[in-house]
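Student: I would like to go through this structure by question and answer. Please show it before we begin.

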Amino acid sequence: MAGAVGSMALMLRAGARQRSGALILLFSVWVLAPFIALAQADRRASRMPPRMRGALYGAMFGVTAVSLTVYGFHAVRGVMKAGFVYLFGPAMCWLLIVVVLGATAATDGPDRTR
């Protein structure tokens with residue numbers, strides 16, 4: 001929750017001069033999407049094997065850390081264009097989620113599900 005709120009606040013700060021409400025809405029959905037997916041997965045976590053649940057919680061922490069670090073660095077330094085940062089950041093979060101959960105699922109064979 002803190003990662004989603006912080007990411008949105010930093011994104012809105014970066015786009016404060018943006019006049020297009022539609023563009024702000026699209027960026028908001030894109031920035032929040034990884035957090036929403038993780039929240040949905042968390043709702044089903046009680047039915048997951050322990051290793052997968054641990055990987056999910058690790059992905060949650062990782063996504064929050066990556067998002068706030070990248071967006072915070074952009075807010076302080078502002079070296080790159082905001083559009084690139086807020087397109088690239090969520091893409092890296094999705095990649096982190098897929099790699100962490102995919103690797104855990106691949107190493108937890110079908111006979112080791114519980």
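Student: Which element gives the most residues to the nonpolar surface patch?

Tutor: The model is predicted, so local features need pLDDT of at least 70 and side-chain atom pairs count only at pLDDT 80 or more, while totals for chains, interfaces and linings use all residues. Residues are numbered from 1 along each chain as its sequence is written, and side-chain values use heavy atoms, with hydrogens and water left out. The patch covers about 770 Å² and is made by Val66, Val70, Val79, Met80, Phe84, Phe88, Met92, Leu95 and Val99; the elements giving two or more residues to it are α3 (50–77) and α4 (82–107). The most, 5 residues, comes from α4.

Student: What cut-offs define such a patch, and how is Met92 classed, buried or partly exposed?

Tutor: Patch residues have over 30% relative accessible area and no salt bridge; like charges are joined within 9 Å, and nonpolar side chains (Val, Leu, Ile, Met, Phe, Trp, Tyr) within 5 Å. A salt bridge is a side-chain nitrogen of Lys or Arg within 4 Å of a carboxyl oxygen of Asp or Glu, and areas come from the Shrake-Rupley method with a 1.4 Å probe, where for residues only the protein chains shown count as cover. Buried means under 20% relative accessible area, exposed over 50%, and partly exposed in between (1.4 Å probe, protein chains only). Met92 lies in helix α4, and because its relative accessibility is 32%, Met92 counts as partly exposed.

Student: How many helices does the protein chain have?

Tutor: Helices (H or I, at least four residues) and strands (E, at least two) are DSSP runs, numbered from the N terminus. Along the sequence the protein chain follows the pattern α-α-α-α. There are 0 strands, and the number of helices is 4.

Student: Which element supplies the largest share of the largest nonpolar core?

Tutor: A nonpolar core is a set of buried Ala, Val, Leu, Ile, Met, Phe, Trp, Tyr and Cys residues joined through side-chain atoms within 4.5 Å. The largest one has 12 residues, including Phe35, Leu38, Val63, Cys93 and Ile97. At least two residues of this core come from each of α2 (21–43), α3 and α4. The largest share, 4 residues, is that of α3.

Student: Why is Cys93 counted as buried, and which residues does Cys93 touch?

Tutor: Cys93 lies in helix α4 and counts as buried because its relative accessibility is 1%. Cys93 and Phe35 are 58 residues apart in sequence, with 9.1 Å between their C-alpha atoms. Contact means heavy atoms within 4.5 Å. Not counting residues up to four places away in sequence, Cys93 touches Pro34, Val63, Val66 and Ser67.

Student: Which backbone oxygen does the side chain of Ser67 reach?

Tutor: Ser67 is found in helix α3 and is buried, because its relative accessible area is 1%. Leaving aside neighbours within four places in sequence, Ser67 is in contact with Ser7, Phe35, Gly72 and Cys93. At 2.9 Å, the side chain of Ser67 reaches the backbone oxygen of Val63.

Student: What percentage of the residues in the protein chain is buried?

Tutor: The protein chain exposes about 7200 Å², of which carbon and sulfur atoms supply 69%. Its C-alpha trace spans about 55 × 25 × 20 Å along the principal axes. Of the 114 residues in the protein chain, the buried ones make up 32%.

Notes: Polar contact = N/O pair within 3.5 Å; in protein donor to acceptor, adjacent residues only side chain to side chain.
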